[in-house]
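Reader: Before any term is applied to this model, I should like each label to be justified. Please set each value against its criterion and then conclude.

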Amino acid sequence: MAITFYAYPKCGTCRKAKKWFADNNVEVNEIHIVENPPSKEELAQLVDHSGLPIKKFFNTSGQKYRELGLKDRVATSTQDELLELLASDGMLIKRPIVTNGQQVTVGFKEDTFEETWK
């Protein structure tokens, strides 16, 4: 099972997730989420497979999110507009995103990783 790990190297949460994978001998294909953000189509698939609402894919604590005043826009925009926005800038995406093509996790919670990726 090939696991794709969208991460930002300077992100503390991503580093914790990466350490968890190393400690548990789980091999991942790491993709720099800012240099190579997932496309609109890939994001649509990730949202679909995650079972989460699209707003969970936004990095709400990020500077860019606040600068663009996205809190109100996220509530009123269409799914298509939100996917377009996320695909336009990897810094807007909550990270890490981990997927094996079927399952998707967003962010890092050790218990979720234990259940999903071990």
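Author: The model is predicted. A suitable starting point is Phe 57, which, neighbours within four places in sequence aside, is in contact with Leu 46, Val 47, Ser 50, Leu 52, Leu 86, Leu 92, Ile 93, Lys 94, Ile 97, Val 104 and Val 106.

Reader: What makes these residues contacts of Phe 57?

Author: The criterion is heavy atoms within 4.5 Å. Leu 86 and Ile 97 are among the residues that satisfy this criterion with Phe 57. Phe 57, Leu 86 and Ile 97 also belong to the residues with the most contacts inside the largest nonpolar core, together with Phe 21 and Phe 58; this core has 33 residues.

Reader: Which elements each supply at least two residues of this core?

Author: They are E1, H1, helix H2 (40-50), helix H4 (70-76), H5, E3, E4 and H6.

Reader: What is the order of the strands in the sheet, and which pairing does the sheet have?

Author: The sheet is open, its four strands follow the order E2-E1-E3-E4, and the pairing is mixed. Strand E2 (29-32) and E4 are the edge strands, since each pairs on one side only. Direction ignored, neighbouring strands of this sheet are turned by 15 degrees against each other on average.

Reader: How do you know that E1 and E3 are paired, and in which sense do they run?

Author: Pairing requires at least two bridges between the strands. Strand E1 (residues 4-7) and strand E3 (residues 97-99) are joined by three bridges and run antiparallel, so the requirement of at least two is met. Within this pair, Phe 5 stands opposite Val 98, and Thr 4 has Thr 99 as its bridge partner.

Reader: How many bridges support the pairing of E1 with E2, and in which sense do these strands pair?

Author: Four bridges support it, and the sense is parallel. On this side Phe 5 stands opposite Glu 30, while the bridge partner of Tyr 6 is Ile 31.

Reader: Which way do the side chains of E1 point, and are they buried or exposed?

Author: Thr 4 and Tyr 6 point one way, Phe 5 and Ala 7 point the other way, and all are buried. In a regular strand, side chains alternate between the two faces of the sheet.

Reader: Which helices pack on or lie across these strands?

Author: Helix H1 (residues 12-23) packs on the sheet and touches E1, E2 and E3, with its direction at about 155 degrees to that of E1. Helix H6 (residues 110-117) lies across E3 and E4 and runs at about 170 degrees to E4.

Reader: Why is Thr 105 called buried?

Author: The cut-off for buried is under 20% relative accessible area. Thr 105 has 6% relative accessibility, and therefore counts as buried. This residue lies in strand E4 (residues 104-106).

Reader: What makes the pair Thr 105 and Trp 117 a polar contact?

Author: The limit for a pair of N or O atoms is 3.5 Å. The side chains of Thr 105 and Trp 117 are joined at 3.0 Å, so the distance falls within that limit.

Reader: Why is Asn 25 called exposed, whereas Gly 12 is called partly exposed?

Author: Exposed means over 50%, and partly exposed lies between that value and the 20% cut-off for buried. Asn 25 has 73% relative accessibility and therefore counts as exposed. Gly 12 has 34% and therefore counts as partly exposed. Asn 25 is placed in the loop between H1 and E2, whereas Gly 12 lies in helix H1.

Reader: What is the phi of Asn 25, and what is the omega of the bond between Arg 95 and Pro 96?

Author: Asn 25 has a positive phi of about 50 degrees although it is not a glycine. Arg 95 and Pro 96 are joined by a cis peptide bond with omega of about -5 degrees. Most residues other than glycine have a negative phi, and most peptide bonds are trans. Pro 96 lies in the loop between helix H5 (79-88) and E3.

Note on methods
Residues numbered from 1 in each chain as written. Predicted model: local features only at pLDDT ≥ 70, side-chain atom pairs only at ≥ 80, totals over all residues. Heavy atoms only, no water. Buried < 20%, exposed > 50% of the residue type's maximum accessible area, 1.4 Å probe, protein only. Polar contact = N/O pair within 3.5 Å; in protein donor to acceptor, adjacent residues only side chain to side chain. Axes fitted to C-alpha atoms, helices over the stretch in contact; angles between N-to-C directions. Core = buried A, V, L, I, M, F, W, Y, C linked by side-chain atoms within 4.5 Å.
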